[in-house]
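Grab a coffee and work through these exercises with the structure open beside you. Try each task before reading its solution.

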Amino acid sequence: MSRQASHAGSWYTENGATLASELSNWLQRASESHAPARAIIAPHAGYSYCGECGAYAYKQVQPERIKRVFILGPSHHYYLKNCALSCVETYKTPLYDLTIDQQVYSELRSTGAFGKMGKDADEAEHSIEMHLPYIAHVMQSRRGEFTIVPILVGSTEPDLERKYGEILAPYLANPENLFVVSSDFCHWGQRFRYTYYDKTKGKIYQSIEDLDRQGMQVIETLKPADFYDYLKKYENTICGRHPIGVLLNMVACLTAKSPGVKAALKFTQYAQSSKVTSQADSSVSYASASLTLQS
């Protein structure tokens with residue numbers, strides 16, 4: 001059974017050649033500044049909004065050694081308190097189909113910590129799908145030689161994110177695995193019910209950027225507790241906060257068990273869908289980051 005590319009033709013082009021050309025152009029313009037990535041954070045909006053920003057994460061990926069790509073995406077439409085795995089075998093893209101790693105899925109299911117998402121819920125969600133074309137394109141040289149591990153992340157509590165961090169840390173430790181963490185940043189405006197504005201920072205869009213960059217700096221410290229404190233203080237509408245929390249806990253678990261491992265996360269790009277200057281406006285922020293591990 002296959003998951004259809006349900007957002008192709010609306011959120012991004014369904015024409016494979018055109019899509020490959022767009023991705024290539026964005027990647028050519030992006031700079032390699034923090035590679036090789038073992039994990040990345042990248043946005044999941046329509047490509048006309050965030051495709052260029054996302055390239056600054058995928059530019060840090062070196063595909064030669066990668067055999068598996070884990071994708072952690074937040075659930076927008078399907079309420080769950082834990083993480084869920086797909087029920088299909090392949091994910092379709094306009095470029096080529098991606099195969100789910102059933103061996104890893106079996107290992108994850110055996111923990112009893114993962115639920116199951118049905119095909120309808122899978123196809124309704126965009127947070128994982130929006131990364132598939134980029135993954136297929138960047139991994140083109142490894143086509144047929146790598147698998148994907150999509151994981152839908154629900155409204156997880158910190159303790160549960162810590163548990164998932166412990167489960168997934170051994171996979172992060174393996175240099176043959178790449179983790180893709182799907183997240184946009186601040187969703188600002190009345191339609192998002194979030195209008196935080198610190199007038200000392202200038203115009204509204206400048207306040208939004210300052211708020212996001214505070215969060216980005218906290219994430220770069222790789223301290224889960226500090227990230228949770230930031231979210232509690234500002235309630236910033238970072239839709240991938242739970243996948244990010246899982247990633248931070250993975251790193252914390254890995255470095256605690258392997259003190260010789262040096263983890264470094266760096267944000268490589270930031271953008272906004274529009275420059276908000278009025279309370280009647282709205283915008284979504286996008287950020288790309290790369291995590292490197294050295295031992």
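Helices (H or I, at least four residues) and strands (E, at least two) are DSSP runs, numbered from the N terminus. One more thing before we start: this is a predicted model.

**Exercise 1. Place Thr13 in the fold and describe its surroundings.**

Solution.
- Step 1: look up the elements on either side. Thr13 sits in the loop that links strand S1 (2-3) with helix H1 (16-29).
- Step 2: check the exposure. Buried means under 20% relative accessible area and exposed means over 50%. Thr13 comes out at 22%, so this residue counts as partly exposed.
- Step 3: list the contacts, skipping neighbours within four places in sequence. Thr13 then touches Thr18, Leu19, Glu22 and Pro94.
- Step 4: look for a polar partner. A polar atom of the Thr13 side chain lies 3.1 Å from the backbone nitrogen of Asn15.

**Exercise 2. Work out which strands stand at the edges of the open sheet that contains S1.**

Solution.
- Step 1: write down the order. The sheet has three strands, arranged S1-S5-S6, and its pairing is mixed.
- Step 2: count partners. S1 and strand S6 (98-99) each have a single partner strand, so each has one side without a neighbour in the sheet, and these two are the edges.
- Step 3: zoom in on one pairing. S1 and strand S5 (residues 90-91) run parallel and are joined by two bridges. Across that pairing, Arg3 has Tyr91 of S5 as its bridge partner.

**Exercise 3. Decide whether the faces of strand S9 are covered or open, and find the strands bridged to S9.**

Solution.
- Step 1: check burial. S9 spans residues 177-182, and six of its six residues are buried.
- Step 2: sort them by face. Asn177, Phe179 and Val181 lie on one side, with Leu178, Val180 and Ser182 on the other, and both sides are covered.
- Step 3: find the partners. Strand S2 (residues 39-42) runs parallel to S9 and is joined to S9 by four bridges. Strand S3 (residues 68-74) is parallel to S9 too, with five bridges.
- Step 4: pick a landmark. Val180 stands opposite Ile40, and Ile71 stands opposite Val180 as well.

**Exercise 4. How many disulfides does the whole structure have, and why is Cys87 not in one?**

Solution.
- Step 1: search everything. The count is zero.
- Step 2: test Cys87. Its closest cysteine sulfur, in Cys83, is 16 Å away, which is too far for a bond.
- Step 3: try Cys186. The nearest cysteine sulfur belongs to Cys239, 10 Å away, and Cys186 is in no disulfide.
- Step 4: add exposure. Cys186 has a relative accessible area of 0%, so this cysteine is buried.

Definitions and conventions: Residues are numbered from 1 along each chain as its sequence is written. This is a predicted model: local features need pLDDT of at least 70, side-chain atom pairs count only at pLDDT 80 or more; totals for chains, interfaces and linings use all residues. Side-chain values use heavy atoms; hydrogens and water are left out. Buried means under 20% relative accessible area, exposed over 50%, partly exposed in between (1.4 Å probe, protein chains only). Two strands pair if DSSP finds at least two bridges between them. A disulfide is a pair of cysteine sulfur atoms within 2.5 Å. Contact means heavy atoms within 4.5 Å. A polar contact is a pair of N or O atoms within 3.5 Å; within protein, one must be able to donate a hydrogen and the other to accept it, and residues adjacent in sequence count only if both atoms are side-chain atoms.
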